[in-house]
Amino acid sequence: MTPYRINHTGTRMDNQRPFLIIALVFILFMIWQAWEVDHAPQPETTASPAESGPVMPADIPAAAAPRAGDVPVEPSATMAAAERKRVRVVTDVLDLEIDTRGGTILRADLPTYPVSLKQPDQPIRILDDERRRYVAQSGLRHVEVDDLEALSLAPSHHDVYQADADEYRLAAGQNTLRVPLTWTSPQGVIVTKVYTFQRGDFLIDVAHEVRNASNRPFTAQQYRHLRQAGDGGDDGNLFIYTFTGAAYYDDAFRKLAFDDMEKKPLDTDLPGGWVAMLQHYFLSAWVPEQDATNRYYTMVIPEAGRTDYIIGMRSEPMTIAPGETGAFHTGFYVGPKIQDRLSDIAEGLDLSVDYGIFTIFAKPLFWLLSFIHGLIGNWGWAIIAVTVLIKLVFYKLSATSYRSMARMRQVQPKLAALKERYADDKQKMNQALFDLYKKEKINPLGGCLPILVQIPVFIAFYWMLLEAVELRQAPWILWIQDLSTRDPYFILPILMGITMVIQHRLNPQPLDPVQQKIMMILPVVFTVFFAFFPAGLVLYWFFNSLLSIAQQWVITRRMEKAAS
């Protein structure tokens, strides 16, 4: 029988500390992910709209086989000269500005989500036409164009609507707020673009209500898209990387980095679904009627000194006969990634809370965390409660690991003697170690395998705490007033480092001096890394370490008493 091979310089190499394994796996995973983002292959350059032929405005989606001149490439002199204004809309959860030109949503603030605890009166701004050039546009595109007279038959997002007021507010006791904008064509087609808001909701109903008072059929498509300047998605922290970019749903959640739009434009028909722009904790999304089919598309708009990226959808044509009425409906969500609400709006929209490949672990963990939070009302104590439950689930696996470590402590003198006896003969050293392990019934990997099983759960917990907006600015106790950001005084990381030192003392010590130094330095390294992690994650790790110390101490004492 071939003996189990062990490095003669350190018999503990196959049974290293769980912290070393988790540190290497976790940190390498984070570095690999950041490297993928920063060093992905550069996309191929695609032709600009001008090079493809000036069929229509670069930011208005073309229908199949469009005719040149369907819609002006730039706003016409009439459009530019028309009076336009910004209409403010305020509800209990939204503060928006809508441009009467096109009915474009230029700005969207969330009054119930402040920028930070230090700036409680400054709301998070999602849409922003000034700093980020991030807007939500929609309009109608007339199809079956017969002549140039039809250029103005349907209002695109370049045409100017008329508004009855400069400001609309949801009054006390009012549950619904309706904001109408009206446009009339020279031929007599009247389009009322209506934004309908509901109290306490971030979902807006957007309708183009058409009354065809002309003498010819009106056939049009509704398009809606999100436009944003591509300025990258990394917040500069290697360990707190989150995705910023576009996404859509086609029976699966698909993310599109801005570079991907240049490399491979999206252009496909899909039933239901949605399109969105994502950022940490928040999103904006166009959600069509789920029984309808839409053309999904992306566009890249290069302009002087900037590049804008668009993801959107275009409905199937609707024909409204002379004297008849009709309406195009769609939903627009702009707000936090509240998973329960998103799952109610459309299938897959809750997947915008992106846990990556660890979704299978993270979603049940979040459900459990939310359930416990509903019982006790504090996210910090809920994290501790979930930590206890996770520890109970892995109790037997952990006990196996700690028993293996306790046995290794008991044979430490024998291991040291073998190292000294066979210091110059690797083969005899390995054989002697194998015989000793067999005699003492020790599995050198017994301390590692249970920990390896728990690593996916730990990383899933990391992503859950990082992505869940419910934990954003959520307090625990005393100095921890935001579990989603680092501990301001580094108390939790330091306490966690102390628990690592205690665990190191409870474990059998490596025989190799180099390994001994590594294990001594590791708590310091971990403390530095965790100093910049969300406090909620450090709380989980710290309390898990406390439970591990208690379990390991009990098992070690029992085995020592049994051996004496």
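Q: In this predicted model, what makes α6 and α7 oblique to each other?
A: Helix α6 (residues 359–376) and helix α7 (residues 379–393) pack at an angle of about 125°. Roughly perpendicular covers 65 to 115 degrees and roughly antiparallel starts over 145, so about 125° fits neither and the pair is oblique. Their axes sit 9 Å apart.

Q: Which hand does the crossing of α6 and α7 have?
A: Right-handed, as α6 passes α7.

Q: Which residues make the contact?
A: From α6 you get L365, L368, L369, S370, I372, H373 and I376. From α7 come W379, W381, A382, I383, A385, V386, L389 and I390. By class, that's 13 nonpolar and two polar residues, with no charged ones.

Q: How many aromatic pairs are there, counting ring centres within 6.5 Å?
A: The count comes to 17.

Q: Why is the pair Y249 and W274 called stacked?
A: The ring centres are 6.0 Å apart, within the 6.5 Å cut-off for a pair. The planes are at 10°, and under 30 degrees counts as stacked, so the label fits.

Q: What does the pair of Y249 and W274 tie together?
A: Y249 is in strand β12 (residues 245–249), while W274 is in the loop between β14 (267–271) and β15 (275–279). The pair therefore links parts that are 25 residues apart in sequence.

Q: How do you know where to be careful with pLDDT?
A: The protein averages a pLDDT of 78, and 74% of the residues score at least 70. But pLDDT stays under 50 over residues 1–21, where the model has 73 contacts beyond four places in sequence. It also stays under 50 over residues 76–81, with four such contacts. Where pLDDT is low, don't read the predicted coordinates in detail.

Conventions:
Residues are numbered from 1 along each chain as its sequence is written. This is a predicted model: local features need pLDDT of at least 70, side-chain atom pairs count only at pLDDT 80 or more; totals for chains, interfaces and linings use all residues. Side-chain values use heavy atoms; hydrogens and water are left out. Axes are lines fitted to C-alpha atoms, for helices over the stretch in contact, and angles run from 0 to 180 degrees between N-to-C directions. Helices (H or I, at least four residues) and strands (E, at least two) are DSSP runs, numbered from the N terminus. Angles under 35 degrees count as roughly parallel, over 145 as roughly antiparallel, 65 to 115 as roughly perpendicular and the rest as oblique. A crossing is left-handed if the near helix is turned anticlockwise from the far one by less than a right angle, and right-handed if clockwise. Contact means heavy atoms within 4.5 Å. Ala, Val, Leu, Ile, Met, Phe, Trp, Tyr, Cys and Pro count as nonpolar, Asp, Glu, Lys and Arg as charged, and the others, Gly among them, as polar. pLDDT is the predictor's confidence in each residue, from 0 to 100. Rings of Phe, Tyr and Trp (its six-membered ring) pair if their centres lie within 6.5 Å; planes under 30 degrees apart count as stacked, over 60 as edge-to-face and the rest as tilted.
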